[in-house]
Amino acid sequence: MTKSIDVELVNIQKKFGPNVVVDSFNLQIEQGECVSFLGPSGCGKTTTLNMIAGFLEPDQGDLLIKGKRMNGVPSNKRELGMVFQTYSLFPHMTIFENVAYGLKLRKVAKVEITRRVNAILELVKLPHVAERYPKQLSGGQRQRIAIARALVTEPSLLLLDEPLSNLDAKLREELRDELKRLQQEIGITTIFVTHDQEEALYLSNRIVVLDHGKVEQIGTPWDIYNRPASEFVHTFIGKSNRMQGMVEETKGDTLLLRTDAGFTLLADRRDGSFGNGEKVTIYVRPEKIGLNTEEVVMDGINQVKGTVKQTSFLGAYTECEVEVGLYSITVRIQTVQQMIQFSQGQSVYLDWKPEDIFVFTGKGQG
Ligand code: ATP
């Protein structure tokens with residue numbers, strides 16, 4: 001059975017003065033999906049969320065929630081739950097009163113308020129703080145309460161604007177797990193704004209990558225990581241080694257490339273169209289490179305010799321900087337796979353597979 005569409009953006013555009021900050025934004029979000037808006041500062045994430053929330057009106061296009069056109073409908077009539085970067089709890093109210101606030105406004109009966117507030121405090125695992133005031137809670141606890149307050153009115157849509165940004169690394173991870181659990185348990189359609197790619201990969205069913213107000217790609221985390229639609233998407237998500245070169249030969253589904261450092265490599269062609277002699281930018285991710293002390297690859301294709309410049313042990317993995325001609329290539333080795341200790345000055349061989357090479361031209365094709 002196909003799921004219903006909860007949110008639909010049709011050709012949405014927003015300008016501030018002469019500047020178009022959101023352009024031709026089209027998106028359909030299914031019931032129960034968690035979709036992230038991901039992109040660098042200023043790309044239009046918050047502006048788009050604010051239009052969905054009803055804080056801003058689009059200059060063009062239609063916004064639909066559960067099939068109803070929402071342009072011009074005030075925010076409080078859109079049945080939304082919202083959580084922002086800052087905690088925004090009322091300091092003079094207890095946690096119970098904070099969470100109950102939206103229900104009181106809706107004139108829900110007292111007994112029902114108590115039942116629902118207690119249930120939601122259980123759900124965010126903070127039933128014991130009901131009588132405390134916000135200042136008596138930690139940052140992470142306050143943000144859980146903000147989430148509880150957003151959910152208690154049983155909204156049809158949950159909007160989260162960088163809700164984890166003010167927390168330290170450990171808490172951030174904890175609350176990220178918690179959000180994922182809650183979102184899946186309640187099955188609430190969620191839009192999550194973030195500039196943190198790992199958070200987006202972790203939490204979302206689909207990610208919308210934005211740059212300068214334009215949608216660069218909409219896809220599952222797997223698609224975004226493994227089939228980036230542009231050089232921007234590839235480099236924004238995760239670390240990647242960049243090399244310049246040219247296409248020496250197109251061979252069916254593969255490309256033979258020559259880097260500026262002089263070595264050749266074979267890459268999958270994917271959907272791109274490339275001409276012989278065309279200048280290209282070549283990427284390979286640090287975790288997709290093999291590192292050995294001896295030659296391992298057949299015919300020397302996709303294997304180059306280099307010298308270890310530096311190693312950094314980072315717990316789950318080690319990063320090695322390897323000098324290959326004019327390039328310094330980062331290689332990431334999982335600690336569990338690491339048989340050999342690499343040391344500075346050591347000669348090594350790097351290898352990679354054609355499917356792990358991403359090739360982009362000035363036209364932006366991968
Ligand atoms: P951040 O992660 O920094 O919050 P963002 O992707 O959410 O960035 P927006 O806040 O949506 O970006 O801003 C998009 C662009 O619109 C930016 O260039 C910003 O300066 C501009 N902008 C946002 N609000 C206004 C406004 N009220 N008046 C004029 N320009 C604005």
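Is Ile218 buried, partly exposed or exposed, and how many other C-beta atoms lie within 10 Å? In this predicted model, Ile218 is partly exposed, because 17 other C-beta atoms lie within 10 Å, whereas a residue is buried only at 20 or more and exposed at 12 or fewer. Ile218 belongs to strand 10. Beyond its neighbours within four places in sequence, Ile218 contacts Leu27, Arg206 and Val208. Pro228 follows ten residues away in sequence, and its C-alpha atom is 9.7 Å from that of Ile218.

The setting of this residue may be described from the overall fold. The protein has 366 residues, of which 35% are buried. Its secondary structure consists of eight helices and 20 strands. The C-alpha trace extends over about 75 × 45 × 45 Å along the principal axes. Of the contacts between residues at least 6 apart in sequence, 64% connect residues at least 24 apart.

Strand 10 is part of an open sheet of six strands with mixed pairing, arranged in the order 6-7-8-3-9-10. Strand 6 (80–83) and strand 10 (214–219) each have a single partner strand, so both stand at the edges and one side of each is left without a neighbour in the sheet. From one strand to the next, the twist averages 15 degrees. Helix 4 (residues 139–151) packs on this sheet, where it touches strand 6 and strand 7 (157–161). The direction of helix 4 makes about 170 degrees with that of strand 6. At the other end of the strand order, strand 9 (residues 206–211) pairs with strand 10 through five bridges in the antiparallel sense. Within this pairing, Val209 has Gln217 of strand 10 as its bridge partner.

Val209 also takes part in the nonpolar interior. The largest nonpolar core contains 60 residues, and those touching the most other members are Val99, Ile120, Ile147, Ala148, Leu159, Val208 and Val209. Helix 4 supplies six residues, the largest share of this core. With residues up to four places away in sequence left out, Val209 touches Leu38, Gly39, Glu216, Gln217, Ile224, Val233 and Phe236. Another core, of 27 residues, lies apart from the largest one; Val247, Val280, Tyr283 and Leu350 are among its members.

Helix 5 was examined for its geometry and its burial. This helix comprises 18 residues (residues 169–186), which at 1.5 Å a residue should span 26 Å; the end C-alpha atoms are 26 Å apart, in agreement with that expectation. Leu175, Leu179, Leu182 and Gln183 of helix 5 are buried. Seen down the helix axis, the buried residues fall within an arc of 95 degrees and therefore line one face of helix 5. The elements covering these buried residues include strand 3 (34–38), helix 3 (110–123), helix 4, strand 8 (189–194) and helix 6 (197–203). On the other side of helix 5, the exposed residues are Ala169, Lys170, Asp177, Gln184 and Glu185. After helix 5 comes Gly187, which has a positive phi, near 70 degrees.

How values were computed. Residues are numbered from 1 along each chain as its sequence is written. This is a predicted model: local features need pLDDT of at least 70, side-chain atom pairs count only at pLDDT 80 or more; totals for chains, interfaces and linings use all residues. Two strands pair if DSSP finds at least two bridges between them. Helices (H or I, at least four residues) and strands (E, at least two) are DSSP runs, numbered from the N terminus. Axes are lines fitted to C-alpha atoms, for helices over the stretch in contact, and angles run from 0 to 180 degrees between N-to-C directions. Two residues are in contact if their C-beta atoms, placed from the backbone, lie within 7 Å. The expected span of a helix is 1.5 Å times one less than its number of residues. The arc is that of the directions from the helix axis to the C-beta atoms. A nonpolar core is a set of buried Ala, Val, Leu, Ile, Met, Phe, Trp, Tyr and Cys residues joined through C-beta atoms within 7 Å.
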